[in-house]
Amino acid sequence: MERKDFIEQVGLSGAAILIFGCMQGCSKSDGTTTNNNGNNNNATVDFTIDISKSPYDALKNIGGFYVEPITNVIVVKTTASEIIAVSAICTHQQASITYQANNNRFYCAAHGSVFSTTGAVTTGPATAALKKYQTTLTGTVLRVFA
Ligand code: FES
């Protein structure tokens, strides 16, 4: 085999392996998608946390919040008797939002969108509300669900 033929064959084989490997790694058999943070956007939201235990114990204090990493839900204790939960992913371009206790609102630093505690847009560029989830507190166990 000539050197040129060898290099061509190895090159073609290597390219085929790379393409096959990419196809395997770039698709998912369950049809779900991932966001920029690598977390599952289509995960079913239904989880419980014990707010007496770290890191959830931030929810014992008004203004305290916790972001659940699997579902990207931000849970916030807004008043002495209310804990709310909304999607932590901005509806504009999917950056992460944070809770601002001093203004009792959600804020996206990427482009400045602001959302109320109901998830409604109060300042754009986002135009769609954050998805809000239901919460129930039984003792110290908080359930968050759709
Ligand atoms: S991604 Fe949030 S305002 Fe643009």
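Helices and strands here are DSSP runs, numbered from the N terminus; a helix needs at least four residues, a strand at least two. With that in hand, we can place a proline. Pro 55 sits in the loop between β1 and β2. We will come back to Pro 55 and its peptide bond.

One caution before the tour. This is a predicted model. The average pLDDT over the chain is 80, and 71% of the residues reach at least 70. Which elements mark the two ends of the confidence range? Helix α1, residues 3–25, has the lowest mean pLDDT, at 45. Strand β7, residues 114–115, has the highest, at 98. Residues 12–40 fall below 50, and that stretch makes 16 contacts in the model beyond near neighbours in sequence. Where pLDDT is low, the predicted coordinates should not be read in detail. I will therefore not interpret α1, with its mean of 45, any further.

Now the overall layout. The chain has one helix and 10 strands. In sequence order the helix comes first, and the strands follow. Of the 146 residues, 20% count as buried. Take the contacts with a separation of 6 or more: 36% of them join residues 24 or more positions apart.

On to the sheet. Six strands form an open sheet, in the order β1-β10-β9-β4-β3-β2. The pairing is antiparallel. Strands of a sheet pair through backbone hydrogen bonds, either parallel or antiparallel. Why is one side of β1 and of β2 left without a neighbour in the sheet? Because β1, residues 46–50, and β2 stand at the edges, and each has a single partner strand. On average, neighbouring strands of this sheet are turned by 25° against each other, direction ignored.

Walk across it with me. Start at β1. Five bridges join β1 to β10, in the antiparallel sense. Here Asp 50 has Val 141 of β10 as its bridge partner. Skip along to β9, residues 132–138, which is joined to β4 by two antiparallel bridges. Look for Val 86, which stands opposite Lys 132 of β9. Next comes the pair β3 and β4. They run antiparallel, with six bridges between them. They also form a hairpin, with two residues in between. Within it, Val 73 is bridged to Ser 87 of β4.

What about the core? Nonpolar side chains tend to be buried together in soluble globular proteins. Here the largest nonpolar core holds 24 residues. Those touching the most other members are Val 73, Ile 74, Val 75, Ala 85, Val 86 and Ile 97. Elements giving two or more residues are β2, β3, β4 and β10. Which of them gives the most? That is β3, with four residues. Zoom in on Val 75. Leaving out residues up to four places away in sequence, Val 75 touches Leu 59, Phe 65, Tyr 66, Glu 68, Ile 83, Ala 85 and Val 144.

Now the C-terminal end. Ala 146 lies in the segment after β10. Is Ala 146 buried or exposed? It counts as exposed, because it has 12 C-beta neighbours inside 10 Å, and 12 or fewer is the cut-off for exposed. Even so, Ala 146 has contacts beyond four places in sequence: Val 45, Asp 46 and Tyr 133. Tyr 133 is 13 residues away in sequence, with a C-alpha to C-alpha distance of 5.0 Å from Ala 146.

Last, the backbone details. Back to Pro 55: a cis peptide bond joins it to Ser 54, with omega about 5°. Another cis bond joins Gly 124 and Pro 125, with omega about 20°. Pro 125 is in the loop between β8 and β9.

Then two positive phi values. Asn 72, in the loop between β2 and β3, has phi of about 55° and is not a glycine. Asn 72 counts as buried, because it has 20 C-beta neighbours inside 10 Å. Gln 94, in the loop between β4 and β5, has phi near 65°. With 14 such neighbours, Gln 94 counts as partly exposed.

To close: keep the six-stranded sheet in view, and β3 as the main giver to the core.

Note on methods. Residues numbered from 1 in each chain as written. Core = buried A, V, L, I, M, F, W, Y, C linked by C-beta atoms within 7 Å. Contact = placed C-beta atoms within 7 Å. Pairing = 2+ DSSP bridges. Axes fitted to C-alpha atoms, helices over the stretch in contact; angles between N-to-C directions. pLDDT = per-residue confidence, 0-100.
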